[in-house]
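User: I am new to this structure and would like to learn how to read its features. Could you take me through them in turn?

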Amino acid sequence: NQLQLFLPCAAGVEDMLAHEAAFITGGTLDGVQRQRGGVSIEGAWRDALLLNLHSRLAQRVLVQLFHAPYRNEQDLYRAASEVAWEIWFTPRQSMKVEVTAQHSPLNSLNFAALKIKDAICDRFRARAGGVRPDVDTRWPDIRIYAHLTTDTVSLYIDTSGEALFKRGWREDKGEAPLKETLAAAMIASCGWAQDPSVPLYDPCCGSGTIAIEAAQIACQIAPGSLRRFAFEKMLPFQAHVWEAIRQEALRAQ
């Protein structure tokens, strides 16, 4: 089944991310929609795994599960009630709901998040013999995002877990470290990645984020090869499919 994927990114990176997403999934730019702060793309579950493993520019890989108009918090409750959360995770896993907004008429985003959380828990109670997921605001198994505009609500489930700039290689960080996704955007924007045989000079002599990101590009090391992802805890996850994808990436190094 095709999924509607949304890849948030830093402002100004949308065009580069669109090209990257099309390349990773083997699609064309015609299938990628640029939006403010990200791109959306139709893809299979396997594409979500590939994007998590290979994207250097995306902050997360989100699956959009709902999009509709709303007017108040009760509409948000009804929206979350309609999503089949039970095909994505079990009530024995922990979750966290986060809400972002642009010009929303609602007074409290915290109350909006509470209504969405209540709807998810009530749906599980009705379908799992009274069992509901616990809430864990620090290390949840499942992250759910809601984005509100003036009149629409979009609900997403996060397949990444921790933000994708966390590549897994950094053991310590100094003061104000440069995010790996931003370093990758700087490298992409200067065109060096088209010919990694050309010397690259890093003027930001901090913890070496730009140089390390460039070295991984030159060696064809997948940025997510050293970390774990939230999709590994989700019900659609198949270990043998993921292992084949990882092995293919390792052979390319």
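Analyst: The turns below go through pockets, a cavity, cysteines, one helix and one buried residue. Keep in mind that this is a predicted model.

User: How do I read a pocket, and what volume does the largest pocket have?

Analyst: A pocket is described by its volume and by the residues that line it. The largest pocket here has a volume of about 890 Å³. Its lining comprises 24 residues, and Glu20, Phe23, Ile24, His54 and Arg56 are those nearest the centre. Helices H1 (14–25), H2 (45–54), H5 (180–190) and H7 (239–252) are the elements that each give two or more residues to this lining.

User: Which element gives the most to the lining of the largest pocket?

Analyst: That is H1, with five residues. Sorted by class, the lining of the largest pocket has 16 nonpolar, four polar and four charged residues.

User: Which residues lie nearest the centre of the second largest pocket?

Analyst: They are Phe6, Pro8, Gly37, Thr100 and His147, out of 23 lining residues. Here the elements giving two or more residues to the lining are strands: S1 (3–8), S2 (32–35), S4 (62–69), S5 (94–101), S7 (142–148) and S8 (152–158). The volume of the second largest pocket is about 660 Å³. Its lining has seven nonpolar, 13 polar and three charged residues.

User: What about enclosed space: how many cavities of 30 Å³ or more are there?

Analyst: A cavity is read in the same way as a pocket, by volume and lining. The count is one cavity of 30 Å³ or more. The largest cavity has a volume of about 30 Å³. Its lining is made up of Asn52, Ser55, Leu164, Lys166, Arg167, Pro223, Gly224 and Arg227. By class these are two nonpolar, three polar and three charged residues.

User: Next, the cysteines. How many disulfides does the structure hold?

Analyst: The structure holds zero disulfides. For cysteine 9, the nearest cysteine sulfur belongs to cysteine 190 and is 18 Å away. Cysteine 9 is buried, with a relative accessible area of 6%.

User: Why is cysteine 219 not bonded to cysteine 190?

Analyst: The test is the distance between sulfurs, which must be within 2.5 Å. Cysteine 190 has the closest cysteine sulfur to that of cysteine 219, but the two are 17 Å apart, so they are too far for a bond. Cysteine 219 is partly exposed, with a relative accessible area of 43%.

User: How do I check a helix such as H1 against its expected span?

Analyst: Compare the expected span with the distance between the end C-alpha atoms. H1 has twelve residues and, at 1.5 Å a residue, should span 16 Å; its end C-alpha atoms are 16 Å apart, so the two agree. Just after H1, glycine 26 has a positive phi of about 75°.

User: Which residues of H1 are buried, and what covers them?

Analyst: The buried residues of H1 are Glu14, Leu17, Ala18, Glu20, Ala21, Ala22 and Ile24. Their cover includes S1, S2, strand S3 (38–43) and H2.

User: Last, glutamate 180: is this residue buried or exposed?

Analyst: To place a residue, take its element, its accessible area and its contacts. Glutamate 180 is in helix H5. Its relative accessible area is 3%, so glutamate 180 is buried. Apart from neighbours within four places in sequence, glutamate 180 contacts Arg56, Phe165, Arg167, Trp169, Arg170, Thr209 and Glu213. Two of these contacts appeared earlier: Arg56 among the residues nearest the centre of the largest pocket, and Arg167 in the lining of the largest cavity.

Technical notes:
Residues are numbered from 1 along each chain as its sequence is written. This is a predicted model: local features need pLDDT of at least 70, side-chain atom pairs count only at pLDDT 80 or more; totals for chains, interfaces and linings use all residues. Side-chain values use heavy atoms; hydrogens and water are left out. On a 1 Å grid over the protein atoms alone, a cavity is a set of points where a 1.4 Å probe fits but cannot get out, and a pocket is an open set with protein on both sides within 12 Å along at least five of seven lines; lining residues have an atom within 4 Å of a point. Grid points are joined across faces, edges and corners, and a volume is the space filled by probe spheres set on the points. Ala, Val, Leu, Ile, Met, Phe, Trp, Tyr, Cys and Pro count as nonpolar, Asp, Glu, Lys and Arg as charged, and the others, Gly among them, as polar. Buried means under 20% relative accessible area, exposed over 50%, partly exposed in between (1.4 Å probe, protein chains only). Helices (H or I, at least four residues) and strands (E, at least two) are DSSP runs, numbered from the N terminus. The expected span of a helix is 1.5 Å times one less than its number of residues. Contact means heavy atoms within 4.5 Å.
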